[in-house]
Amino acid sequence: MLYPQSNPFRQFIDLSGFWDLRFDPEDQGQQSGWANGFIGGCPVAVPASWNDQFAEWRDYLGQTWYQTRFDLPWGWDAARQRIGLRFGSVNYLAEVWLNGTRLGEHEGGHLPFSFDLTPHVQPEHNMLVVRVEGELAPDRVPPGNVRPDSKHMFLDQRQNFPPTSFDFFPYCGLHRPVLLTATPPEAITDVTVVTELPGRVHVKVNLAGADAATARFSLGDITVQAETRVSGDAVETALDVPNATLWSPDSPHLYALTVELIRGGTVYDRYVLPIGIREIKIEGDALLINDQPIYLQGFGRHEDFPVTGRGYMPAVIIKDYALMKWVGANSFRTTHYPYSEQMMDLADRLGFLVIDETPAVGLFFAEEGLERRLQLCRQYINELVARDKNHPSVIMWSVANEPHSSVPAAKPFFRNLYDLCKSLDPTRPATLVSYMGIAEESFEFYDLMCLNRYYGWYTESGQLDAGCANLEAEIEAMYAKFKKPFILSEYGADTVPGHHAQPPDMFSEEYQADMLEQYSEVLRRKPYVVGEHVWNMCDFKTSQGVRRVGSLNLKGVFTRDRRPKLAAHRLRKIWSAKRP
Ligand code: BDP
């Protein structure tokens, strides 16, 4: 799915700003015709979560209506162009109307979806209405509100409010920009790029109604070019770049791939895609980028900030990349859902390696709702690969985080998702992030093992030496069983900023710093360990519960407002040293 762009052939405008909002706890909006436009709304910022904008609605996740009005920009014309509407992320369920006509709905936060407005849009006075609903339910993904007596749940997840099955606040709303787009009626609809060493770029372009057209491809200023006669609804080519500058974390070189459609000698559509030439492989115990072994050091994160919640915040993205660079991180996992497209673009530009994760966190496998959860996971993988397949920074897909997979139904479920990943993208490894260790049977077929572990915290509390001994024994046993490369995808300790202790004890800055250092020492001794991701980059908001002081998970190496704890300085030392 292409991100909209503006050039002489296609344009987009951003509808972000202050919209009208009306909460609908009685569910009366539908009957009362709010889909045609409602009165009595209050102003709300878009994009942003609603929860921290309105004190009395912080924990409300139910039906909520948004609306805005727009005119088509000068020169746009639905008779000559295809007018579209694209949502970057709405959590969780979105239903959309334009001028009273229902356009459709989308389930799942964090992934984009779009509608064709051409038959419905007017030059002026358009009324766009979106109904959003983010209730927690067992048959949704991620699931929530799972019965407290369910054998599928952890004891400590039963008391949260709101009742999530995951450890972050279930923010709701229009979380990313809403874009109005204009494209030629016959246009480039998708571009897929696969690169190969030493410098081959395979390009596939999907097209709508391009009969008798020619596609022209060019790459960067050196203008490697190809022209292909279009027949049908797709066209493919391969471009060979002599002496290609490869994309890597140290040198994130991007080429501009330009695709143009030409008819009768005239260009009528163009799309420019930044691409990086690189290859990812797993060979034996090693993760290779451009045939060189790579060791991932970085974080699990959250899209989370005071007041805006999970809303898109460009300045925070820039700040976070700066902090990640400063601390010596080269990678992160998009825990526990896909991040904004702008975050991914910057990973390409700045040379970060990304484990791209779907929103499947906290899955359980009770018969009831299982097929629906599977179909949602499949939908998310389809949407995620469609959105992120062209990013050189994306080195791996993660299909789920910490599923409760100790039951027989889990393995076929994850086999299904693995096969789907591979059929959509055979070029990248696929992984599953587990807390089950050696008992995670799906590691038999996933390309690489990711484990989350909190020895010295939730177990062996206060005893780092004992915790690290367990860690070492466990990863050795996992490697002996599965013989696959390994990433410790989460480890960390809640830490109250400003709380110090000598000797270190739990919640002190010293304890967190020591834990990260001792874990790292264990991990770096193992040749099959290809990465360490600390949980978490920053403190983040979560549901209320006895384990979360201030409704915050305090495992951040930085505070929620991005100030370093002692551990950040310690990591900076560890991560600047060469791996033995
Ligand atoms: C892991 C989860 C993560 C939690 C973390 C924790 O993957 O989402 O925030 O534990 O407890 O199990 O801090």
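User: What makes strand β29 and strand β30 a pair?

Analyst: Two strands pair if DSSP finds at least two bridges between them. β29 (residues 486-490) and β30 (residues 529-535) have 3 bridges, in the parallel sense. So they count as a pair. At one bridge, Leu 488 has Glu 532 of β30 as its partner. This is a predicted model: local features need pLDDT of at least 70, side-chain atom pairs count only at pLDDT 80 or more, and totals for chains, interfaces and linings use all residues. Residues are numbered from 1 along each chain as its sequence is written, and side-chain values use heavy atoms, with hydrogens and water left out.

User: How do you know that helix α6 packs on this sheet?

Analyst: Contact means heavy atoms within 4.5 Å. Helix α6 (residues 509-524) touches β23 (296-300), β29 and β30. Its direction makes about 165 degrees with that of β30. Such angles run from 0 to 180 degrees between N-to-C directions, with axes fitted to C-alpha atoms, for helices over the stretch in contact. Helices (H or I) are DSSP runs of at least four residues, and strands (E) of at least two, numbered from the N terminus.

User: What closes into a barrel, and in what order?

Analyst: 8 strands do, in the order β23-β24-β25-β26-β27-β28-β29-β30. The pairing is parallel. Neighbouring strands are turned by 25 degrees against each other on average, direction ignored.

User: Why are β1 and β9 called edge strands?

Analyst: Each pairs on one side only. They belong to an open sheet of 4 strands with antiparallel pairing, in the order β1-β12-β5-β9. The twist there averages 20 degrees from one strand to the next. β1 (11-14) pairs with β12 (residues 178-183) over 4 bridges. In β12, Ala 182 is the bridge partner of Gln 11.

User: What makes a side chain such as Asp 167 a polar contact of the ligand?

Analyst: A polar contact is a pair of N or O atoms within 3.5 Å; within protein, one must be able to donate a hydrogen and the other to accept it, and residues adjacent in sequence count only if both atoms are side-chain atoms. An N or O atom in the side chain of Asp 167 is 2.6 Å from a ligand oxygen. Therefore this pair qualifies. For Asn 401 the distance is 2.9 Å, and for Asn 553 it is 2.8 Å.

User: How many residues surround the ligand?

Analyst: 13 residues do, and Asp 167, His 336, Glu 402, Tyr 458 and Lys 555 are the closest. A residue is near if one of its heavy atoms lies within 4 Å.
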